[in-house]
Amino acid sequence: MDMMAMMGIAGFGKQTKKRELDPKRFEKNRREEVGFPQVKLTSATLTTASGSPVTPPEASDEREKSVDAKNSTEQQKKRGSTLHDGEPEFEPSEDENDLDDDTPEFPTTHELIMKDHTKVISALALDPSGARVVSGSHDYDCKLWDFGGMDYRCKPFKSWEPAGSYYIHDLKFSNDGQKFLCITGTTQARLYDRDGEEQATYIKGDPYIRDMKHTSGHVSELTSCSWHPRNSEVFITSSADSTIRIWDVENKRKQRTVIAVKSKERGTRTKVTTCAYSYDGNLIGGACLDGAIHMWQANSNFVRPSMTIEGAHAKGVETGSIVFSVDGRTVLTRGGDDTVKLWDLRSFKKPVSVKSEMTTLYPQTNAIFSPDDKYVVTGVGASSKGGHGKLLFMSKDSLEVVKELVVDASPVRVVWHSKINQIVTGLSNGQICVLYSPTSSLNGAKLPLSKGPPRKVTIEDMSDALAQPAIITPHALPMFREGEIARGTGKRKREKERLDPRKSRRPELPVTGPGKGGRVGASATQHVVQNLVKDTTREEDPREALLRHAKSAEEHPLWTAAWTKNQPKPVFAEVEQEEKEGGQ
């Protein structure tokens with residue numbers, strides 16, 4: 001056998017050994033302070049201002065029986081998984097039969113930490129399939145994470161600075177998952193494909209035009225964005241220039257429509273801190289720095305909002321998010337005044353529920369609805385520097401806290417993905433915490449752990465690497481290949497890249513017509529006319545040019561007439577006579 005191994009054929013005739021996954025691979029990521037959620041809250045047990053009756057003992061006995069039955073089924077599943085050396089796949093039908101309808105099941109039993117940013121996570125988004133995460137931070141970087149391509153180190157596959165030294169304010173994936181928007185502290189929105197390649201940079205407006213409806217783009221920093229829920233070619237952006245603008249993806253030179261927001265304070269401008277589409281796309285919502293919330297019909301002329309609430313949040317604080325429910329009747333706002341408020345669009349006058357004392361340390365702090373539209377999730381900042389933050393799960397109807405989850409730092413951005421059933425949270429220390437459950441979550445954070453440990457290097461691998469060095473002939477490299485176009489490989493790609501001025505490195509063309517972009521234009525005839533008449537002033541003697549006008553100045557003294565009478569006459573020495581006398 002030693003001889004066979006030296007020859008590199010030790011595995012000849014043997015069945016390939018299948019990789020065995022560790023059934024306890026998820027236990028290393030289990031949260032110690034939290035077990036499986038066994039909180040059972042009904043409408044009768046929720047605390048109200050008027051008080052509520054205590055849960056009857058019959059209900060508690062039934063709860064204990066259901067929990068025991070659930071634990072036994074989980075143990076049976078674990079035994080079956082160890083026998084088959086694999087993980088039982090999650091089937092929603094079985095899980096629905098096991099869980100009680102009134103028991104809130106939150107995927108918070110395990111967590112995966114993705115650490116690559118150095119400052120607070122200010123923007124976070126997942127694509128519709130839940131396979132990729134894009135994050136933005138106050139360290140000016142955007143990073144793309146792929147759950148299927150990550151290993152146990154959990155590092156992003158791409159990182160870049162979209163706008164130099166500007167913060168990242170918002171990130172949103174389109175509904176088709178092929179592109180995403182990046183909103184920074186600049187005046188221009190940027191569009192990227194799902195691999196992080198820049199597709200377009202939308203125009204900025206003229207800051208010297210007073211009327212915002214006549215500018216082609218934003219003239220002040222952007223704050224947020226939102227995609228149309230049914231049309232992946234339309235999106236909106238909000239800005240500090242008191243406008244919400246509707247854009248077409250293909251037209252980056254000018255927006256489609258401008259929604260000018262006016263404040264009640266003498267009709268002045270106000271900063272629009274966040275914007276959102278409703279789920280049916282019929283409403284556009286915006287929250288402003290003066291505390292007002294406005295709603296516009298998407299098919300209107302946007303002259304004035306259809307619904308408005310003045311003083312919805314405290315004046316002078318930034319509202320972090322505005323979210324519509326799935327049924328389109330409820331609106332959730334997270335204000336910078338440490339409150340979460342729930343509004344009913346059918347009676348849009350005062351909030352239905354208010355939750356106060358929600359510490360807000362960053363203006364991008366948001367609140368979201370759960371995928372089943374029964375709960376509200378938001379983050380609460382740490383009370384002291386370096387302290388722990390909280391993730392709160394509240395019932396939608398009364399905003400009563402159902403579950404508290406302690407995290408390492410202040411949660412800023414929270415996203416609950418419905419397909420993979422996982423909660424992704426961006427923290428103030430630069431970490432991205434992915435909360436999941438091995439039983440109820442699908443893929444996502446489970447994929448890096450399902451790959452198993454890396455294969456150990458054997459002596460055969462080392463012998464192959466040493467005995468067979470890589471030999472590269474010069475003409476095998478792509479840069480030295482000849483006749484590739486004649487063979488038909490890559491011809492269309494080369495022709496397409498030839499038309500792209502950036503990839504073909506075409507030199508910048510001379511400006512013709514009126515000037516633009518700081519460059520003064522000049523036509524071809526202008527250069528010809530300039531060379532027809534030569535300027536000869538450089539070749540002329542300046543003394544001769546002055547003496548030419550001496551006679552006329554003496555005869556007609558226009559400026560020196562006051563000195564004609566008292567001006568002394570110059571007396572010159574008779575040089576010629578002295579020379580004559582000296583010569584004699």
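Glutamate 197 is partly exposed, with a relative accessible area of 45%; buried means under 20% relative accessible area, exposed over 50%, and partly exposed in between, for a 1.4 Å probe and protein chains only. The model is a predicted one, in which local features need pLDDT of at least 70 and side-chain atom pairs count only at pLDDT 80 or more, while totals for chains, interfaces and linings use all residues. Residues are numbered from 1 along each chain as its sequence is written, and side-chain values use heavy atoms, with hydrogens and water left out.

## Salt bridges

Side chains of opposite charge can pair when their charged atoms come close. The whole structure holds 19 salt bridges, a salt bridge being a side-chain nitrogen of Lys or Arg within 4 Å of a carboxyl oxygen of Asp or Glu. Three of the pairs are set out here.

| Pair | N to O distance | Relative accessible area |
|---|---|---|
| Lysine 158 and glutamate 197 | 3.2 Å | 21% (lysine 158), 45% (glutamate 197) |
| Lysine 179 and glutamate 233 | 3.9 Å | 11% (lysine 179), 31% (glutamate 233) |
| Aspartate 241 and arginine 245 | 3.7 Å | 2% (aspartate 241), 0% (arginine 245) |

Glutamate 197 meets lysine 158 in a salt bridge. Because lysine 158 belongs to strand E5 and glutamate 197 to the loop between strand E8 (190-193) and strand E9 (198-201), this pair ties together parts that are 39 residues apart in sequence. Strands (E, at least two residues) and helices (H or I, at least four) are DSSP runs, numbered from the N terminus. Lysine 158, like its partner, is partly exposed.

The salt bridge of lysine 179 with glutamate 233 also links distant parts of the chain, 54 residues apart. Lysine 179 sits in strand E7 (residues 179-184), and glutamate 233 in the loop between E10 and strand E11 (234-239). Here lysine 179 is buried, whereas glutamate 233 is partly exposed. In the pair of aspartate 241 and arginine 245, aspartate 241 counts as buried, and arginine 245 is buried as well. Salt bridges also link Asp116, Asp141, Lys143 and Lys155 in a network.

## The sheet that contains E5

Strands of a sheet pair through backbone hydrogen bonds, either parallel or antiparallel. E5 belongs to an open sheet of four strands, in the order E2-E3-E4-E5, with antiparallel pairing; two strands pair if DSSP finds at least two bridges between them. Strand E2 (121-126) and strand E5 (158-160) are the edge strands, each pairing on one side only. From one strand to the next, the twist averages 15 degrees, taken from axes that are lines fitted to C-alpha atoms (for helices over the stretch in contact), with angles from 0 to 180 degrees between N-to-C directions.

Strand E4 (residues 142-146) is joined to E5 by three bridges. Lysine 143 has serine 159 in E5 as its bridge partner, and Lys143 is also part of the salt-bridge network.

## Two hairpins

E6 and E7 pair in the antiparallel sense over five bridges. Aspartate 170 has isoleucine 183 in E7 as its bridge partner. Five residues lie between the strands of this hairpin, where glycine 177 takes a positive phi near 75 degrees. Five of the six residues of E6 are buried, so E6 is largely enclosed by the rest of the structure.

Strand E15 (residues 283-288) and E16 also pair in the antiparallel sense over five bridges. Glycine 285 stands opposite methionine 295 in E16. This hairpin has four residues between the strands, and glycine 291 takes a positive phi near 90 degrees. Strand E16 (residues 293-297) is mostly covered, with four of its five residues buried. E16 pairs in addition with strand E17 (residues 307-309), antiparallel and over three bridges; there the partner of isoleucine 293 is isoleucine 309.

## The largest pocket

The largest pocket holds about 1500 Å³ of space. On a 1 Å grid over the protein atoms alone, a pocket is an open set of points where a 1.4 Å probe fits, with protein on both sides within 12 Å along at least five of seven lines, and lining residues have an atom within 4 Å of a point. Of the 48 lining residues, Lys172, Tyr279, Val323, Ile368 and Val415 are the closest to the centre of the pocket. Elements that give two or more residues to the lining include E2, strand E6 (168-173), strand E10 (222-227) and strand E26 (411-417). The lining divides into 23 nonpolar, 17 polar and eight charged residues; Ala, Val, Leu, Ile, Met, Phe, Trp, Tyr, Cys and Pro count as nonpolar, Asp, Glu, Lys and Arg as charged, and the others, Gly among them, as polar.

Terms used
Points joined across faces, edges and corners; volume = space filled by probe spheres on them.
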